[in-house]
Amino acid sequence: MSTDNYDVTIIGSGPGGYRAAVLAALRGKRTAIIERKTWGGTCLNRGCVPKKDWHETAKWIEQSRHFQKRGVIGPVLRGNMAQAWQHQHDVVETVRGSYLDYLKRLGIHLYDGTGSFLDARRIAVEGVGGLVEIHTETSIIATGSAPSLPRGIVPAAGKVLTSDMLYDNGVPHGDRVILVGGGVIGTEFAYIFTQLGKQVEWLVHSTPLAHTRYSPQARDILHAALAGLGIHPQSGFRIHRMETTTEGVTVFDDQGKPIHGDWVLLATGRHAYTEGLGLENTRITLDDHGFVQTDAALETGEPGIYAIGDAVGPIMNANQALNDARIVIHNLLSTEKQERDPLWVPELVYSAVELARIGMDDEAAEDAGFEPAVGFAAFETSPRALGQDDGVGFVRLLADMDSGELLGGEIVGRDAGELIHLLANGGDHDGMLRRIVETRTNHPSRAEELVNATETLAARWGLEEQIFGPSD
Ligand SMILES: Cc1cc2nc3c(=O)[nH]c(=O)nc-3n(C[C@H](O)[C@H](O)[C@H](O)COP(=O)(O)OP(=O)(O)OC[C@H]3O[C@@H](n4cnc5c(N)ncnc54)[C@H](O)[C@@H]3O)c2cc1C
Ligand SMILES: NC(=O)c1ccc[n+]([C@@H]2O[C@H](COP(=O)([O-])OP(=O)(O)OC[C@H]3O[C@@H](n4cnc5c(N)ncnc54)[C@H](O)[C@@H]3O)[C@@H](O)[C@H]2O)c1
């Protein structure tokens with residue numbers, strides 16, 4: 001068995017692990033990264049990247065309804081799921097190639113295998129190249145998450161799938177899809193599958209996205225857009241058991257009600273993945289939900305070992321993992337520690353409408369003792385949105401009534417996932433709205449609606465001085 005020495009060793013190569021490795025190497029650290037499955041983790045191979053590739057295709061198909069009135073004449077567009085799978089696969093392979101190339105160019109040592117702590121400073125890597133022992137000053141757990149299944153429900157290749165299986169193994173035969181779950185994945189895939197030609201029976205327990213921080217207005221707009229495309233969740237459904245036959249699959253709720261389909265996609269949550277990590281050889285602990293416990297600076301109970309991303313939760317998105325990575329590498333290099341602030345990392349949903357939010361919602365603002373000033377601008381009168389035949393949605397900002405400090409923001413509609421960056425640039429929320437009104441915008445653009453929402457907020461709530469600046 002060989003022994004290798006590093007300053008920083010990262011276990012897991014998802015967005016969190018990848019970014020931590022890049023930043024550590026850029027800051028001059030001898031860095032290693034270990035991956036047990038596919039380089040790039042969930043986000044690249046089974047999550048954000050392929051999902052957004054499909055979302056783009058779904059949007060094209062949906063928007064083709066406006067072609068004729070715009071003077072684009074031709075056959076109506078239809079989706080082909082098998083070809084769409086191949087397209088995302090090609091994109092993912094290309095991105096993975098460039099990721100690996102960059103890691104290698106930075107001199108980062110890549111290990112294919114499963115990393116397991118022997119103690120706080122030693123990690124065993126068991127993989128294709130045999131057994132290697134790593135000695136490391138510091139380590140970062142970036143082992144991500146895995147799908148959670150309802151009790152008694154087991155996956156079956158080609159019939160009962162998780163989203164991981166869908167991307168790893170391809171789309172099964174058959175157009176009648178039963179989609180279980182009203183969380184983010186369910187809400188995104190109900191739209192994507194329908195546009196790509198599938199007949200979707202969408203079974204949800206409570207209203208889709210009920211357990212998120214999106215406003216009722218945002219969720220109503222999304223539900224109306226889904227309904228307009230014939231997508232209606234069947235609520236009150238809790239999957240109880242399932243029968244698979246050569247014909248397909250039947251799922252039953254706890255009242256015995258059957259639903260038939262060709263195959264099932266389970267989108268019933270994810271949990272932190274820490275199997276085989278050897279945590280028992282360290283002082284690292286897990287919370288009641290199985291997330292790795294850390295302090296606010298993301299250091300675990302074992303000094304020198306940090307944890308990031310889905311493994312820490314409870315919010316599981318790539319944006320959080322990427323930001324965690326930045327914080328941890330900063331904390332490794334500086335005595336002035338940065339703390340995780342999940343509230344100020346954007347959250348997104350890519351469905352019939354894009355939803356994006358950051359900061360406090362109304363309830364959190366009120367709980368924190370604020371009586372928030374609200375700024376609002378709808379896309380329905382935006383010249384850019386009208387030219388796109390897509391006036392759905394709005395920008396809604398919350399600010400402190402006295403200081404004009406930004407408390408939170410929500411953007412609903414096309415490109416919300418890009419526009420939210422205007423509210424996400426760092427920790428200075430005091431000056432954020434001032435910076436927005438001073439932004440040199442492109443015209444016509446959707447970003448202008450952030451400026452409009454801020455200006456109306458300032459005028460309506462008497463915050464002109466704080467937001468526009470003092471006047472004589
Ligand atoms: C269908 C789907 C769509 C999504 N869409 C979005 C989106 O649009 N936007 C967004 O922000 N987020 C999205 N997410 C969430 C996002 O993918 C995750 O939050 C993100 O990947 C978490 O990153 P991570 O680095 O913590 O872990 P992961 O990406 O899960 O990576 C962890 C890696 O660690 C490896 N690993 C685990 N244990 C070991 C070990 N012992 N040794 C070596 N390697 C190990 C795993 O094999 C894995 O590759 C989506 C998720 C899903 C499932
Ligand atoms: N755009 C993004 O950032 C993005 C995209 C996809 C996934 N993700 C993250 O990945 C994680 C997993 O997503 P998800 O949608 O699977 O989880 P989720 O936790 O968002 O939703 C799970 C849903 O499954 C339902 N459910 C659970 N058991 C059920 C049962 N027996 N019968 C019927 N319904 C049942 C729950 O009520 C819930 O609505 C989440 O943390 C999500 O935020 C993020």
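Trainee: Which residues in H3 meet residues in H5 in this model?
Mentor: This is a predicted model, in which local features need pLDDT of at least 70, side-chain atom pairs count only at pLDDT 80 or more, and totals for chains, interfaces and linings use all residues. Residues are numbered from 1 along each chain as its sequence is written, while chains are lettered from A and ligands numbered from 1 in the order in which they are written. With contact taken as C-beta atoms, placed from the backbone, within 7 Å, and helices as DSSP runs (H or I, at least four residues) numbered from the N terminus, the H5 side consists of Ala84, His87, Gln88, Val91, Val92 and Val95. Facing them in H3 are Val49, Pro50, Asp53, Trp54 and Thr57.

Trainee: At what angle do helix H3 and helix H5 pack?
Mentor: Axes are lines fitted to C-alpha atoms over the stretch in contact, and angles run from 0 to 180 degrees between N-to-C directions. The axes of H3 (residues 48–63) and H5 (residues 81–105) are 9 Å apart, and the helices pack at an angle of about 135 degrees.

Trainee: How many residues of the side of domain 1 that touches domain 2 come from H3?
Mentor: The domain bounds, from an automatic or database domain assignment, give domain 1 as 2–145 + 271–342 and domain 2 as 160–268. In the contact between them, 17 residues of domain 1 meet 14 residues of domain 2. Helix H2 (41–46), H3 and H5 each supply at least two residues of the domain 1 side, and the largest share, from H3, is 8 residues.

Key. Contact = placed C-beta atoms within 7 Å.
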